[in-house]
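Got your viewer open? Load the model below and let's take a walk through it, one selection at a time.

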Amino acid sequence: MRSVKAFAPATVANVSCGFDILGFAIDAMGDTVELVLKDEPGLVVVSIDGDGGKLPLEAEKNTCAVAIQAMLDELDSKVGMNIYLTKGLPLGSGMGSSAASAVAALAAANRLLGDPFEKKDLLPFAIAAEKVACGAGHADNVAPSLLGGFVLVRDYHPLDVIKLPVPQGLYCTLLHPHYELKTADSRSVLRDQIPMKHATIQSGNVAGLIAGLYESDFELISRSLRDVIAEPYRAVLLPGFYEVREALKSAGALGMGISGSGPTLFALSRGKETAEAVGEAGKKMFSKIGLEVDVYFSEINTQGAYIVEEK
Ligand SMILES: Nc1ncnc2c1ncn2[C@@H]1O[C@H](COP(=O)(O)OP(=O)(O)O)[C@@H](O)[C@H]1O
Ligand SMILES: N[C@@H](CCOP(=O)(O)O)C(=O)O
């Protein structure tokens with residue numbers, strides 16, 4: 001039977017100031033999905049590796065199957081597929097775990113069906129899957145995982161997604177403390193209303209960050225990596241957040257923030273050496289407050305999801 005395997009990278013959503021509208025993909029890790037065509041209709045999640053048995057095999061709960069089903073519905077197709085998922089990133093970590101599964105599944109399904117969609121047109125199906133996994137159809141993980149690089153979600157209705165430039169020499173450090181934080185939970189602490197002065201500060205920073213990416217202006221990027229909308233409320237869920245922030249900045253990071261909804265923290269640096277020094281400093285500070293962390297370094301992944309193998 002025909003089969004296709006695809007990979008989709010982990011992602012850092014929000015990038016501090018761009019709550020629900022900015023994200024970038026990282027090279028360090030991601031999910032792999034293999035799809036095998038079946039003779040009869042229906043999507044079956046046959047196996048999941050690397051999740052410690054935590055993820056649902058039921059098709060209506062697994063983001064791989066939810067995303068593919070949305071695509072099949074759009075095509076009015078009854079094609080059946082067996083799904084084999086290999087998780088390559090920790091769950092509930094803030095690195096776009098559910099998104100990577102959905103995007104890898106969509107990339108594979110699209111190829112299996114003869115590429116009926118352009119890559120960008122797969123996004124609504126991935127957003128439908130995010131809704132099931134974390135209760136909100138945010139696109140700031142799925143868009144960069146699919147397209148690679150920095151991505152701006154300018155609008156959701158209708159979807160308007162813009163790929164942004166990636167300055168040469170920009171590195172990401174990720175510090176993943178060993179506990180899980182569900183996206184739905186860290187969304188529940190956010191406020192529905194924001195003061196006008198915060199809206200102004202946040203708009204300035206989003207605009208500054210985007211200008212900084214276009215101009216490769218690292219100082220401007222640095223000044224713009226500031227979030228007054230989500231971070232102050234979420235920081236209370238993240239032990240040691242402010243101490244680690246100071247340590248990362250002192251080690252030379254351009255800026256830092258919560259990766260997605262946490263608990264992973266990200267920092268952006270100019271050059272690999274600084275990114276490594278930032279990782280060391282963060283690890284030391286986390287250890288001072290009694291938390292073990294995994295540290296990852298990565299350039300910005302500009303490729304996004306890709307086909308690994310087809311038979
Ligand atoms: N393939 C999948 N199918 C269903 N749920 C998933 C899948 N992959 C991850 N999840 C779950 O979705 C929830 C939300 O994930 P997500 O928002 O991506 O978390 P994070 O990005 O913080 O790791 C988590 O509880 C995670 O365990
Ligand atoms: N914009 C979302 C991003 C969630 O990212 P995740 O990687 O934690 O799923 C949010 O901030 O809630």
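Start with the shell around ligand 2: by class, 4 of its residues are nonpolar, 8 polar and 3 charged. (Ala, Val, Leu, Ile, Met, Phe, Trp, Tyr, Cys and Pro count as nonpolar, Asp, Glu, Lys and Arg as charged, and the others, Gly among them, as polar.)

Before moving on, know that this is a predicted model: local features need pLDDT of at least 70, side-chain atom pairs count only at pLDDT 80 or more, and totals for chains, interfaces and linings use all residues. Residues are numbered from 1 along each chain as its sequence is written, while chains are lettered from A and ligands numbered from 1 in the order in which they are written.

Now select Ala13, Gly94, Thr183, Gly260 and Ser261, which come nearest to ligand 2 out of the 15 residues around it. (A residue is near a molecule if its C-beta atom, placed from the backbone, lies within 6 Å of it.) Domain 1 (3-164 + 301-310) and domain 2 (170-299) each give at least three residues to this shell; the domain bounds come from an automatic or database domain assignment.

Next, stay with Gly260. What is special about the phi of glycine 260 in the turn? It is positive, about 55°, and the turn belongs to a hairpin of strand 8 and strand 9 with 6 residues between them. (Strands are DSSP runs of E, at least two residues, and helices are runs of H or I, at least four, numbered from the N terminus.) Select 255-258 and 265-270: these two strands pair in the antiparallel sense over 4 bridges, where pairing takes at least two DSSP bridges. Isoleucine 258 has leucine 265 as its bridge partner.

Zoom out to the whole sheet. Its 4 strands run in the order 8-9-7-10, open and antiparallel. Strand 8 and strand 10 (293-299) are the edges, each pairing on one side only.

Last stop: proline 41, in the loop between strand 2 (22-38) and strand 3 (43-49). Buried or exposed? Proline 41 is exposed because 11 other C-beta atoms lie within 10 Å, and exposed means 12 or fewer, with C-beta atoms placed from the backbone.

Definitions and conventions
A residue is buried if 20 or more other C-beta atoms lie within 10 Å of its own, exposed if 12 or fewer, and partly exposed in between; C-beta atoms are placed from the backbone.
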